[in-house]
Amino acid sequence: MSLFHQDYQVQREDYANAGRVSSSIKSVLKQMGLNPNVLRNIAVACYEAEINMIIHSEGGEIELNIAEDGLLSIHFNDHGPGISDLEKAMSPGWSTASEKAREFGFGAGMGLPNIKRVSDEFDIETSPQGTRLMIGFRIQP
Amino acid sequence: MKLKQLLQLIDGTALTPYDENQEFNYVFASDLMSDVLALVQKDSDQTVLVTGLCNAQSLRTADMLDIGTVLYVRDKHVSDEDLQLAESMELTLLATRCTMYETCGLLYGHGLKPVEKA
């Protein structure tokens, strides 16, 4: 049973709006009175994952969900082309980001390792049809 | 260090409304926002982000981490859109003509510390 659910859209290479979804999610959760340290971890993970979708994918959806058992989960489902080498992508410093992405301060190869570091739960599957990333945080039920 | 003293030290200007008595203890300097997101893990409200990356992403990065103050080096031009974004986030934007190296040297030499790694 879900206590809260919200869907967001992310467009490919939409650098002008990069981070808007994460700002919106942070704002919603702040109004709910989440612990500031937990909120910061959620914001960091969400922002990195949103940037990854904009830089690397054909676009997709972000779903925020809060379950009755106190698990806050965010799903990032994109429409491809997938991560060519997931093991390398999980290693700090490995990046396939474009020059454009680097102009915006990203593409250092820290995205997925950062996301995993700050999340309580982390699950990722990738194929040429798309990447599905789930990050979870234990908050007070 | 109070914000007023920091501005004097780097001959800086404030681009948004600010509290001259705001206190800082830490500095993180980078143009790589993933590094900022990875390494600023606590005391972010007492941290100044020093960067040459003058765009919305440095503002959003600061906002995600609850860093309240961003200092742009080398007299970068800030667009009206980014100024509005900073004000909507209640961020304090500062600017200096100093280079990143000069800025960091001055702030370090006057007692501001690197962020503490968790």
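Which helix gives the largest share of the lining of the largest cavity? Keep that in mind while we walk through this predicted model.

**Stop 1: where the chains meet.** Show chain A and chain B together. The contact takes in 22 residues from chain A and 20 residues from chain B. Between them, the two chains bury about 1800 Å², with 51% of that on carbon and sulfur atoms. Now select Gln57(B), Arg60(B) and Met64(B): within chain B, these lose the most area to chain A, and together they make up 37% of what that side buries.

**Stop 2: links across the interface.** Next, pick Asp66(B) and Arg40(A). They form a salt bridge, and their closest N and O atoms sit 3.7 Å apart. The rule finds 2 salt bridges across this interface, and there are also 11 residue pairs in polar contact.

Now color two helices of chain B, H2 (33-39) and H3 (56-65): these are the elements that give two or more residues to the side touching chain A. H3(B) gives the most, with 6 residues. Sort that whole side of chain B by type and you get 8 nonpolar, 6 polar and 6 charged residues.

**Stop 3: the cavity.** The structure holds 1 cavity of 30 Å³ or more. About 50 Å³ of space lies in the largest cavity. To find the spot, select its lining: Tyr15(A), Ala18(A), Ile51(A), Ile54(A), Ile55(A), Ala101(A), Phe104(A), Phe106(A) and Gln57(B). You've met Gln57(B) already, at the interface. The lining divides into 8 nonpolar residues, 1 polar and no charged.

And the helix from the start? Select residues 36-56 of chain A: that's helix H2, which brings 3 residues to the lining, the largest share.

Key: Residues are numbered from 1 along each chain as its sequence is written. Chains are lettered from A and ligands numbered from 1 in the order in which they are written. This is a predicted model: local features need pLDDT of at least 70, side-chain atom pairs count only at pLDDT 80 or more; totals for chains, interfaces and linings use all residues. Side-chain values use heavy atoms; hydrogens and water are left out. Contact means heavy atoms within 4.5 Å. Buried area is the accessible area (1.4 Å probe) that two parts lose on being put together, summed over both. A salt bridge is a side-chain nitrogen of Lys or Arg within 4 Å of a carboxyl oxygen of Asp or Glu. A polar contact is a pair of N or O atoms within 3.5 Å; within protein, one must be able to donate a hydrogen and the other to accept it, and residues adjacent in sequence count only if both atoms are side-chain atoms. Helices (H or I, at least four residues) and strands (E, at least two) are DSSP runs, numbered from the N terminus. Ala, Val, Leu, Ile, Met, Phe, Trp, Tyr, Cys and Pro count as nonpolar, Asp, Glu, Lys and Arg as charged, and the others, Gly among them, as polar. On a 1 Å grid over the protein atoms alone, a cavity is a set of points where a 1.4 Å probe fits but cannot get out, and a pocket is an open set with protein on both sides within 12 Å along at least five of seven lines; lining residues have an atom within 4 Å of a point. Grid points are joined across faces, edges and corners, and a volume is the space filled by probe spheres set on the points.
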